[in-house]
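Colleague: Please take a close look at the largest cavity in this structure. Which residues line the largest cavity, and what surrounds that part of the model?

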Amino acid sequence: MKRILKNITLDIVIVIALHGAFLPQHAYSQQATSTQVVTLRVMELNKIDLVGGPLTLQVNSINDDAGEPNPAIDASTKLLWTSNGDARKIAVGTDIASPRFILKIEAEKSGSGTGVAEPEVTLSDNSPHDLILGVQRSAGSCKLKFTAMASVEEGVGSESHLITYTITGG
Amino acid sequence: MKKSIVVAIIIGSAFAVQAAFAQSTATQSVNLTVSTVYKISTSGNPAALTVTTGSAGTDALTSVSDNSTTYSITQNYGNAVKVTANLDAALQAGYTLTINLASTKGTSAGTVNISNATSGSALSVVTGINRGADAGQTISYTFSALASAGMLTSTTRTVTLTLTN
Amino acid sequence: MLKIVPLSGTLCDGSSVRGSKGTEDCRNYSITVFALLFGILPSFGFGQTYGSATNRITVKVQAITVLQISAGIINLSITGSNAIAGQDQMMTTDQTSTLAWGTNSSTKKITVNTSLATPKFTLQLVALNPTVGTAASQVTLSTTAADLLTNIGRSSGTCGLLYTAIALASQGTGTDAHTITFTVATQ
Amino acid sequence: MTFVAVLAFLLSTFGTAQITVNGGNQTMTITTGVAGGQPVSVLNTSCTLSYTRQSKISKITVATSCPGQSFNLSVVATNVTRGNPAPQVSLVNGNPATDLVTNIPNSGTRNSTCTLQFTASSTFSQGNSTELGNDVHTITYTLLAQ
């Protein structure tokens with residue numbers, strides 16, 4: 001009789017233990033879910049822009065020692081670019097096939113982003129010339145230094161350049 | 001004769017007993033139990049989120065959004081139920097996916113960045129949901145990327161919304 | 001006796017009388033005639049009826065009304081499978097039980113009510129395909145008896161019982177224990 | 001002449017006591033039924049018939065008179081000591097007398113008996129006595145030559 005009572009007591013204890021163990025878990029395991037599939041994509045993009053301009057370069061002084069006009073210089077324009085591609089370059093060109101006066105341009109790399117500035121470029125024809133190389137996956141900027149030059153023999157006159165900047169695969 | 005009377009009495013008694021049990025009413029027990037219910041559904045999948053443009057000089061490209069899908073919930077558990085969100089896999093660095101769930105029965109957590117939320121680290125997007133139903137609430141996704149992260153060919157992620165206590 | 005002789009005489013002449021035989025003597029015929037007059041004639045007059053007896057049996061049929069439910073207990077359970085995301089109302093049904101009745105009284109109906117005064121959820125009932133009578137429209141069960149079937153006078157029939165349980169998610173969880181009583185009442 | 005009178009008296013006596021019903025009048029009450037079925041029929045075996053041997057093979061017929069009958073009553077002879085019990089007879093008002101016991105021998109033991117087993121039944125559609133009144137059957141048993 002005592003053994004029976006002991007067994008019953010033990011059973012009750014086990015039942016209570018199980019109840020205590022599983023009930024809270026059961027109570028906190030209630031949930032429902034729903035899913036959605038999201039498709040993500042980033043296209044290749046290359047952006048380039050200018051801050052400043054249009055500008056006028058005026059050669060109007062003579063170097064007394066050399067007897068030649070002094071060059072006119074402007075560095076007020078800023079070039080901005082963004083590319084998520086690799087090995088891109090920025091080229092520059094004018095619309096004038098054979099300019100009367102000399103116009104030079106140089107990228108003064110002082111801003112952020114990747115890219116290496118090429119030496120000063122003379123816009124002697126309307127073909128594109130490399131300005132910045134090694135642009136990749138970044139946004140960057142630089143100052144543009146324009147230099148206009150003329151000789152006495154070329155006399156007096158004016159030229160209007162439409163300058164185009166292009167970021168392309170390098 | 002005596003035998004016949006006895007038989008008649010027995011038969012009569014039997015019917016008398018049956019008559020006592022003949023009822024003009026009958027009863028039936030009907031037990032109605034309402035268990036804990038959690039239900040959530042979504043209206044489908046959002047359109048592809050494709051970044052196509054940006055601004056020169058800015059690393060962060062122009063983000064894109066989709067709010068064409070909705071979710072609906074029903075729950076009778078309590079007044080502190082929430083919805084969490086997570087991805088099946090985290091996004092690479094430089095890409096960001098945020099989600100925003102509108103709610104009338106609870107409090108929206110606003111725009112939540114789930115780029116790195118996986119099953120083990122789901123984030124709450126709606127909290128304090130009261131008992132009842134909330135139907136056709138808008139789900140807004142926004143995807144943004146950095147130029148420095150490069151291009152991303154078409155990639156899918158499974159977003160899991162969980163209604164839980 | 002003299003009054004009988006002529007009749008006896010006619011018999012002696014061999015005339016035909018039912019049961020007579022013309023070859024027997026007149027004395028025998030006299031005995032037969034006496035028997036006919038005093039006892040046998042009445043019987044023979046009714047086609048050889050020897051006798052009859054009567055008694056009286058009264059058949060009484062009490063007003064009987066019986067009802068029977070096929071299942072004593074119905075368990076209705078509303079779970080997630082009965083819910084639709086975005087809908088507050090959840091519903092489940094049970095159509096496993098039937099009601100059988102018999103009544104030999106005219107103008108009777110069956111009403112139904114529950115013992116539960118303030119149920120948390122809604123329980124509705126309708127009689128399906130009654131073999132006799134007219135099923136009332138769906139009844140929302142309350143402690144007030146409502147018609148389930150009408151026009152079942154002097155009939156024996158059956159019908160299905162369709163229970164519909166309705167709960168709102170906003171009502172939360174719980175259990176309602178109803179004792180449903182079906183009653184045959186005068187219409 | 002005295003002999004003739006005695007014979008006539010005896011014959012006359014035999015003609016009036018050939019069949020008797022014992023047990024008197026009975027009331028059968030249907031009190032319950034089966035849901036989806038019919039009321040439960042009631043059995044009564046309290047009455048017996050006593051009848052005597054006749055000069056010819058004889059039989060017993062039964063008929064009822066019950067104006068405005070609403071319910072069902074049938075009878076069958078059981079425990080028949082002499083003769084053959086006929087199949088159960090349905091007692092319907094206006095029906096002709098129907099055989100109850102047949103082939104009662106014209107020789108051997110003089111007195112015979114049988115038990116009358118009545119069955120009263122009804123359907124729910126036949127109603128009840130409260131609305132329609134009781135059926136009172138006056139049942140006649142006739143012993144006659146077969």
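Modeller: In this predicted model, the lining of the largest cavity is made up of A:Leu40, B:Leu91, B:Gln92, B:Tyr95, B:Phe143, B:Leu152, B:Thr155 and B:Arg157. The volume enclosed is about 40 Å³, and the count of cavities of 30 Å³ or more comes to 1. Sorted by class, the lining has 5 nonpolar, 2 polar and 1 charged residues. Strand β11 of chain B, residues 152-164, gives the largest share of this lining, with 3 residues.

That strand also belongs to a sheet built from two chains. The sheet is open, has 6 strands with mixed pairing, and follows the order β3(B)-β1(A)-β11(B)-β5(B)-β9(B)-β7(B). Its edges are β3 (49-51) and β7 (107-108), both of chain B, and each of these pairs on one side only. In the order given, β1(A) sits between β3(B) and β11(B). Strand β1 of chain A covers residues 31-42 and runs parallel to β3(B), to which 3 bridges join it. Within this pair of strands, A:Arg41 is found opposite B:Thr50 of β3(B).

The open space can be set beside the cavity. The largest pocket holds about 900 Å³. It is lined by 33 residues, of which A:Thr56, A:Leu57, A:Ala148, A:Glu159 and A:His161 are the closest to the centre of the pocket. Three strands of chain A, β7 (102-108), β11 (138-149) and β12 (163-169), each supply at least two residues of that lining. β11(A) has the largest share, at 3 residues. The classes in the pocket lining are 19 nonpolar, 13 polar and 1 charged.

As for covalent links, a search over all chains of the whole structure returns 0 disulfides. D:Cys66 serves as an example: the closest cysteine sulfur, that of D:Cys47, lies 16 Å from the sulfur of D:Cys66, which is too far for a bond. A disulfide would need the two sulfur atoms within 2.5 Å. D:Cys66 has a relative accessible area of 1% and is therefore buried, the cut-off for that label being under 20%. In chain A, Cys142 likewise counts as buried, because the relative accessibility of A:Cys142 is 1%.

Notes. Residues numbered from 1 in each chain as written. Chains lettered and ligands numbered in written order. Predicted model: local features only at pLDDT ≥ 70, side-chain atom pairs only at ≥ 80, totals over all residues. Heavy atoms only, no water. Buried < 20%, exposed > 50% of the residue type's maximum accessible area, 1.4 Å probe, protein only. Pairing = 2+ DSSP bridges. Helix = DSSP H or I, 4+ residues; strand = E, 2+ residues; numbered from the N terminus. 1 Å grid on protein atoms, 1.4 Å probe; cavity = no way out; pocket = protein on both sides within 12 Å on 5 of 7 lines; lining within 4 Å. Points joined across faces, edges and corners; volume = space filled by probe spheres on them. Nonpolar A, V, L, I, M, F, W, Y, C, P; charged D, E, K, R; others polar.
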